[in-house]
Amino acid sequence: MSTASLPPVTRETAALLERLGVPAAAVSGGTLSVTSPIDGSEIARVREHTPEDARAQIAAAHDAFIEWRMVPAPRRGELVRLLGEELRAAKEDLGRLVSIEAGKILSEGQGEVQEMIDICDFAVGLSRQLYGLTIATERPNHRMMETWHPAGVVGVVSAFNFPVAVWSWNAAIALVCGDPVVWKPSEKAPLTALATHALVGRALARFGDAPAGLAGVLIGRAEIGEILVDDARVPVVSATGSTRMGRIVAQRVAARFGRCVLELGGNNAAIVCPSADLDLALRAIAFAAMGTAGQRCTSLRRLFVHKSVAGKLLPRLKKVYRSAAIGDPRESGTLIGPLRDEASFKAMQAALDEARAASGTVTGGERIATPAGEVAYYVRPALVEMPTQAAIVERETFAPILYVMVYEEFDAVLALHNAVPQGLSSSIFTTDIREAERFLSAAGSDCGIANVNIGPSGAEIGGAFGGEKETGGGREAGTDSWRAYMRRATNTINYGSTLPLAQGVKFDVE
C-alpha cells in the first residue's frame with residue numbers, strides 16, 4: 001500500500017469540506033471526534049446538537065409541513081431537480097469525502113453519490129405520478145376514490161456504511177410527497193451529512209420560496225436519535241442499521257402509533273448450481289463478498305456451491321481472495337479499503353474464532369500491516385469453508401467473511417438458504433430455467449431481493465429496496481414505496497339527490 005502520492009487525510013478533508021460549503025465552525029472545536037478509517041486520524045471535531053436544538057428543528061419542520069403540503073407536487077419536484085443538479089456538480093468532492101469518512105474505494109464513493117443523483121431523477125418524475133384510484137361503488141350517482149396526502153415530518157436515521165445515499169432514498173421521495181425531512185446521521189459519519197446539507201441549502205436558495213425548516217440535520221449520539229424517534233410530530237421514521245437498533249425504534253414508534261421504514265440486518269446468500277456460468281459467478285461473488293470490505297447490508301455472507309462444481313470454483317475463488325488489492329481507498333487500483341474501526345475488527349476475529357470452533361477452515365482474515373499504523377484496520381477478506389450452517393453462519397457479522405458450504409440437493413439448499421432470521425437479498429447462479437423460476441417463486445427465496453445470475457449487491461433505485469423477517473420489512477425507492485411517506489384517504493361523493501346506503505341498509509327517518 002503506497003500513500004506517498006496522496007495528501008494527508010486531515011488536510012484533504014478540510015479542503016473538501018470547504019469546497020462543499022460546510023462552515024469551518026461546524027467541524028472544529030466541537031465535542032464529537034470524527035476519525036477516518038483510512039489512517040485512524042481525527043479529521044474533525046463536530047459541534048453536536050442539544051436536545052433543545054433537536055426539538056426546535058422538529059418544531060420548525062412541522063411548521064414547514066403546514067406550508068409545504070399545499071405546494072403542488074410538480075413544484076416540489078423542482079426542488080429535488082435542483083438538488084440533483086447540485087449533486088452532479090459536487091459528485092467528485094462528495095464521493096471523495098465518502099471514501100475518506102466511510103473507507104470506501106473511490107469508485108464506490110462516487111457510485112454512492114450517483115445513487116443520490118439517480119433517486120433525484122426518479123423522484124422528479126414521481127412528482128407527477130402520485131396516483132390514486134377511482135373505485136367502483138355499489139351506490140348509484142356516487143363516485144368513490146382514494147387520494148394520497150403528505151404524511152408529515154419524516155425522520156431519517158442513517159448508518160455509517162452508506163452515509164448519504166440512504167438519506168437521499170428517503171428525502172428525495174419524501175420532499176416530492178410533501179414531507180419535510182429531519183436527518184440524524186451516524187455519529188461515525190457526520191461530515192458527509194453536513195456536506196450534503198450544504199448542497200441542499202444551495203438547492204433551496206435557487207428554489208427561492210421553500211419554507212424554513214424543510215430539511216434539517218441533527219448531529220449527535222443516540223439520545224438525539226431517541227428524541228427524533230419519540231416525537232409525535234414525526235409520523236414516519238426511516239431507520240437503517242442493526243436489527244437490535246430496529247427492534248428498539250420499531251417499538252418506540254409503534255407506541256405512539258407512528259410508522260416505520262426499517263432497513264436492518266442482511267445475511268445474504270448465493271447458490272451456485274451445476275449449470276452455472278462459473279466465470280460470471282466468480283466475479284459476482286468476489287464483488288458482493290469483498291466490496292466495501294464486507295460492510296454493506298447486501299454483502300454476500302453465505303455461499304452454497306453444488307458438489308459437482310465446488311472443485312472448479314473454490315480454488316479460483318481462493319486465488320482471488322489472496323490477490324485482491326487492499327489499501328488506501330483513495331489509491332487507484334485498490335479494491336478493498338479498511339474496516340471502519342477497531343470494534344469491527346474485533347467482531348470479525350471473534351466470528352472467525354467461532355467458525356474454527358465449529359470445524360470451519362479459514363482462508364485469509366488476518367490483519368495487514370500498512371503505513372497507516374496501528375489505528376487503522378485493514379484485513380484480508382476471509383473465506384471460511386463450513387461443514388454445516390452452524391450458529392455463527394446464521395448471524396450477520398459486518399465484515400468481509402464469506403461462509404462456503406457444499407450442497408447436493410436443490411430442495412435442501414433452498415431450505416438452508418431461508419433458514420436464517422434475516423431476509424434482505426439473495427442470488428442464484430444457474431442456466432436451468434426451472435431452478436431459476438423456483439428460486440423466484442413463492443416457495444423460493446424468502447428475501448425482499450432475489451436475483452438470477454447477478455450477486456445480491458448493487459440494487460438500482462428503480463426497484464424497491466428492502467427485505468423481510470429481521471431485515472424489517474421496509475422498502476425504499478422504486479415502484480410504490482412513495483406511499484410510505486403519505487397518508488391515504490378514501491373519498492365518496494354523492495352527486496345525486498337521494499341517499500342510498502351501502503350494503504342495502506334501510507334507515508328511513510320520515
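Visitor: Leaving aside its neighbours within four places in sequence, which residues is Y403 in contact with?

Guide: In this predicted model, Y403 is in contact with R301, R302, L303, A351, A355, V384, M386, I392 and V393, once neighbours within four places in sequence are left aside. Y403 is also named, with V272 and I285, among the residues that have the most contacts inside the largest nonpolar core, a set of 134 residues. Helix 6, covering residues 165–177, gives the most to this core, with eleven residues.

Visitor: What makes M386 count as buried or exposed?

Guide: The relative accessibility of M386 is 6%, and buried means under 20%, so M386 counts as buried. M386 lies in the loop between strand 13 (382–385) and strand 14 (401–407), and, leaving aside its neighbours within four places in sequence, it is in contact with A355, A358, G360, I392, V393, Y403, V404 and M405. One of these partners, A355, is 31 residues apart from M386 along the chain, and the C-alpha atoms of the two are separated by 7.7 Å.

Visitor: Why is the protein chain called as compact as a globular protein of its length?

Guide: The protein chain, which has 14 helices and 19 strands, has a radius of gyration of 25 Å, and the globule rule gives 24 Å for 510 residues; the two values are close, so the chain is as compact as a globular protein of that length. Of its 510 residues, 54% count as buried, and residues 24 or more positions apart account for 74% of the contacts with a separation of 6 or more.

Visitor: What is noted about the phi of N453, and why is N453 called partly exposed?

Guide: N453 has a positive phi of about 65° although it is not a glycine, whereas most residues other than glycine have a negative phi. N453 is found in the loop between strand 17 (449–452) and strand 18 (468–469). Its relative accessibility is 26%, and partly exposed covers what is neither under 20% nor over 50%, so N453 counts as partly exposed.

Visitor: How do you know that Q503 is exposed?

Guide: The relative accessible area of Q503 is 67%, and exposed means over 50%, so Q503 is exposed. Q503 belongs to the segment after strand 19 (486–494), and it has a positive phi of about 60° although it is not a glycine.

Conventions: Residues numbered from 1 in each chain as written. Predicted model: local features only at pLDDT ≥ 70, side-chain atom pairs only at ≥ 80, totals over all residues. Heavy atoms only, no water. Helix = DSSP H or I, 4+ residues; strand = E, 2+ residues; numbered from the N terminus. Rg over C-alpha atoms; globule rule 2.2 N^0.38 Å. Buried < 20%, exposed > 50% of the residue type's maximum accessible area, 1.4 Å probe, protein only. Contact = heavy atoms within 4.5 Å. Core = buried A, V, L, I, M, F, W, Y, C linked by side-chain atoms within 4.5 Å.
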